[in-house]
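Please walk through this protein model with the sequence and the structure side by side. The paragraphs below begin with a pocket and then move on to helices, cores and single residues.

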Amino acid sequence: MSRLTTVTRRRARVVDRAVSAMLSKVKGEPARALAQVLRSHGRSSWALRGLNSKRSIRRAYAAWTLGLMRERESGSKIIPLLQDRSIDVVVAAARALTLIGDSKAARAVVRAVAPRRRPRGLPSWVAVECLCAFDESAASVVTEATAHPQPSVRHVAATVIGTRPLPQAAPVVRERLAVEDDPRTLASLVAALGRIGGATDLPVLSRFAHHPHETVALAAVDALEGIGLHSSVEALAPLVADSRPRLSERAAVALTELGPQGRERLLAFANAPGPAELPATYALQLTAMRSATRGLD
């Protein structure tokens, strides 16, 4: 440690590049030690000054450096970059806040998804990654975002609710399902309900399994499989005969995961000519292949 913190100025640049590369891969005490090396070389001061640079690449690198160093006190200074004119800077700032874990930035991250002054917002996957990294104090912000005027923001909020997950948001998800008109957001809300809902939500999920938009219907099938109750078998069985190949095959595969009752339904379909014959046969053969592979393992 003493050798790394006392290298000459010329060699410090080489050390800083190597340390920064390692910081993105380690956590805990090693990460704190590496961050201390960067502080001893003045990288914190350099990064704070760089947040106001006229060059976008410098602003982005400065924000990322502070994030790698887990400089919590710098979170309030990084937040304004979420509205930067450069999308690269916005992404770097969001990922830096993810590393820092500053939940005070949750509302700013939500605003960055649908900015007023830029044609492009923060990519949804970055926003989801960031909001999932924050503590429970960000849950209320995520729940409120399900009613945002912009569909992109509502989609991010619904995805976060199902990914973390946030069970306390279940009543809000049920309310939003009744009024949501964006298919992508609707699919995320259905998927979220499958993660945080229960047996009382089976009628709602069963209804969405017959939705005309295939993405929504597939999300409902996944949710019904995830809940895994006997009623799920009754809801999924009619879908095996659906005219949409992806949906019928996915429903058939879901039935194989719901125990003997689901497989009995598939055997009946496979032995009777009709639209459900091929999807049922496919799912049963797939299950047999998987079982054989597990046996070999």
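Helix α2 gives the most to the lining of the largest pocket, contributing five residues. Helices here, at least four residues of H or I, are DSSP runs numbered from the N terminus, as are strands, at least two residues of E. The model is a predicted one, in which local features need pLDDT of at least 70 and side-chain atom pairs count only at pLDDT 80 or more, while totals for chains, interfaces and linings use all residues. Residues are numbered from 1 along each chain as its sequence is written, and side-chain values use heavy atoms, with hydrogens and water left out.

The helices that each supply at least two residues of this lining are α2 (9-23) and α4 (43-50). The lining is made up of Arg9, Ala12, Arg13, Asp16, Arg17, Ser40, His41, Gly42, Arg43, Trp46, Arg49 and Tyr61. A pocket is an open set of points on a 1 Å grid over the protein atoms alone, where a 1.4 Å probe fits and protein lies on both sides within 12 Å along at least five of seven lines; lining residues have an atom within 4 Å of a point. The largest pocket holds about 320 Å³ of space, a volume being the space filled by probe spheres set on the points, which are joined across faces, edges and corners. By class, six lining residues are charged, three are polar and three are nonpolar, where Asp, Glu, Lys and Arg count as charged, Ala, Val, Leu, Ile, Met, Phe, Trp, Tyr, Cys and Pro as nonpolar, and the others, Gly among them, as polar.

Trp46, one of the residues in that lining, is also in contact with threonine 65, which touches Ala47 too when neighbours within four places in sequence are left aside; contact means heavy atoms within 4.5 Å. Threonine 65 is found in helix α5 and, because its relative accessible area is 2%, it is buried. Buried means under 20% relative accessible area, exposed over 50%, and partly exposed in between, with a 1.4 Å probe and protein chains only. Threonine 65 and alanine 35 are 30 residues apart in sequence, and their C-alpha atoms are 9.7 Å apart in space. In the loop between α4 and α5 sits asparagine 52, which is exposed because its relative accessible area is 67%. Arginine 70 has its place in the loop between α5 (56-68) and α6 (75-78), and it has a positive phi of about 55° although it is not a glycine.

Where do the nonpolar side chains gather? The largest nonpolar core has 88 residues, of which Ile78, Leu131 and Val190 touch the most other members. Such a core is a set of buried Ala, Val, Leu, Ile, Met, Phe, Trp, Tyr and Cys residues joined through side-chain atoms within 4.5 Å. Apart from the largest core lies another, of 10 residues, among them Ala31, Leu34, Leu68 and Met69. Valine 190 touches Leu177, Leu205, Phe208, Val216, Ala219, Ala220 and Ala223, residues up to four places away in sequence not being counted.

Helix α11 (residues 151-163) has 13 residues, which should span 18 Å at 1.5 Å a residue, and its end C-alpha atoms are 18 Å apart, so the two values agree. The expected span is 1.5 Å times one less than the number of residues in the helix. The buried residues of α11 include Val153, Arg154, His155 and Val156, and what covers the buried residues of this helix includes α8 (106-113), α9 (124-133), α10 (139-145), α12 (170-177) and α13 (183-196). Arginine 154 counts as buried because its relative accessible area is 7%. Outside the four places on either side of it in sequence, arginine 154 touches residues including Ala145, Arg176, Glu180, Asp181 and Asp182. In the loop between α11 and α12 is proline 165, joined to arginine 164 by a cis peptide bond with omega of about -15°.

Further along the chain, glutamate 234 lies in helix α16 (residues 230-236) and counts as partly exposed because its relative accessibility is 40%. Helix α17 (residues 245-256) has 12 residues and reaches 17 Å from its first C-alpha to its last, close to the 16 Å expected. Its buried residues include Leu247, Ala251, Val253 and Leu255.
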